[in-house]
Amino acid sequence: MYVLEKAPAKINLSLDVLYKRPDHYHEIEMVMTTVDLADRIELIAIDQNTIKIESENRFVPNDDRNLAYRAAKLIKDTYGIKQGVIIKIEKVIPVAAGLAGGSSDAAATLRGLNKLWSLGISIEELATLGAKIGSDVSFCVYNSTAVARGRGENITELPAPPSCWVVLAKPRIGVSTQSVYQHLKLDKVKHPDTEGMIAAVKAGDFDEMCKNIGNVLEDVTLPKYPEVRQIKKLMELSGADAVLMSGSGPTVFSLVKQESRACRIYNSLRGFCEEVYVVRMLGYHQTLE
Ligand code: ATP
């Protein structure tokens, strides 16, 4: 018996940090959606009571540091499951890129094991479990378009945004999410208009969506990594309708209505940047049954 799940990358259409809470976490408000760039998660039932990760990507840990492993362990512990599973991860989403690849793998594992072991867990319950693994996992369980508040675990779903082309570019640098949050000076940053973004998504208004795009974390990452700023500039010069850094970076994405412009942006970045992709914005959950 096996189950296949698609684990898509997420992008932030807006990312705001409101304040630092007494428990030291940041209170955030983000509008997130998915793009059609996904890892392939294959879950194979085994009789031995173990969890085994198989991945050929050298950046993906194959032990309990892997978020998909933690997802399986959490489900087994919470529901007293004595069976085991092999989790095969075919990695397509760039690692440590601000695209929530690890969180999406964990969420796909939660959804997939729910099917493999016929547990009948509701999507809300899976999202609550997901929050114990990482802040982006709850959103990735829904795999659609949503506003995430709190630490990211408080999800309100939105309709899929107007579809468009998305060009993703990841330079060959690593950015520590923790360090970006540490260096954020909340009194000095320009906050994005989250309500404006929500209204644009609800109205299906592409131009308004482009106007309201914003990520408060750019204030930390852009001055520190000139390459990220250069990629943004190149995308703007090549005709993107909107350009933004995803999460804490370093991946930058463009939203583009016209396919020919998306190709132009892709060509202008190939060679300049380690990894470049042209994909469609997805924004809704694709069921494979
Ligand atoms: P975040 O913004 O939450 O840090 P990210 O999208 O920038 O996420 P990921 O691709 O999720 O980054 O990877 C971050 C780290 O998590 C990697 O350095 C890797 O060691 C670890 N990791 C754990 N599980 C996975 C997984 N299934 N796929 C990729 N990385 C994983």
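In this predicted model, Ser104 counts as buried because 29 C-beta neighbours lie inside 10 Å of this residue, where 20 or more are needed for that class. Ser104 lies in helix H2, a helix that spans residues 101-116. When residues up to four places away in sequence are left out, Ser104 touches Ala7, Pro8, Ala9, Lys10, Asp39, Ile93 and Cys140.

Ser104 is also one of the residues that UniProt, in an unreviewed entry, places under the feature "binding site". The other positions listed in that record are Pro94, Val95, Ala96, Ala97, Gly98, Leu99, Ala100, Gly101, Gly102 and Ser103. Among these, Ala96 has its place in the loop between strand E4 (84-90) and H2. Ala96 has 18 C-beta neighbours inside 10 Å and therefore counts as partly exposed, whereas Ser104, with 29 such neighbours, counts as buried.

The surroundings of the ligand were examined next. The shell around the ligand holds 21 residues, of which Asn66, Leu67, Gly101, Gly102 and Asp105 come nearest. Two elements, helix H1 (67-79) and helix H2 (101-116), give two or more residues to this shell, and H2 gives the most, with four residues. By residue class, the shell around the ligand is made up of ten nonpolar, eight polar and three charged residues. Gly101 and Gly102, which are among the residues that come nearest to the ligand, also appear among the positions of the UniProt "binding site" feature.

At the level of the whole chain, the domain assignment gives domain 1, covering residues 2-158, and domain 2, covering residues 165-280. Each of these domains supplies at least three residues to the shell around the ligand. The C-alpha centres of domain 1 and domain 2 lie 23 Å apart, and the contact between the domains involves 23 residues of domain 1 and 33 residues of domain 2.

On the side of domain 1 that touches domain 2, strand E1 (2-20), strand E2 (26-46) and strand E5 (145-150) each supply at least two residues. Of the elements on this side, E1 gives the most, with eight residues. The residues of domain 1 that take part on this side divide into 15 nonpolar, five polar and three charged.

How values were computed: Residues are numbered from 1 along each chain as its sequence is written. This is a predicted model: local features need pLDDT of at least 70, side-chain atom pairs count only at pLDDT 80 or more; totals for chains, interfaces and linings use all residues. A residue is near a molecule or strand if its C-beta atom, placed from the backbone, lies within 6 Å of it. Ala, Val, Leu, Ile, Met, Phe, Trp, Tyr, Cys and Pro count as nonpolar, Asp, Glu, Lys and Arg as charged, and the others, Gly among them, as polar. Domain bounds come from an automatic or database domain assignment. Two residues are in contact if their C-beta atoms, placed from the backbone, lie within 7 Å. UniProt positions are given in the numbering used here, feature names are shortened, and annotations may be inferred rather than shown by experiment. A residue is buried if 20 or more other C-beta atoms lie within 10 Å of its own, exposed if 12 or fewer, and partly exposed in between; C-beta atoms are placed from the backbone.
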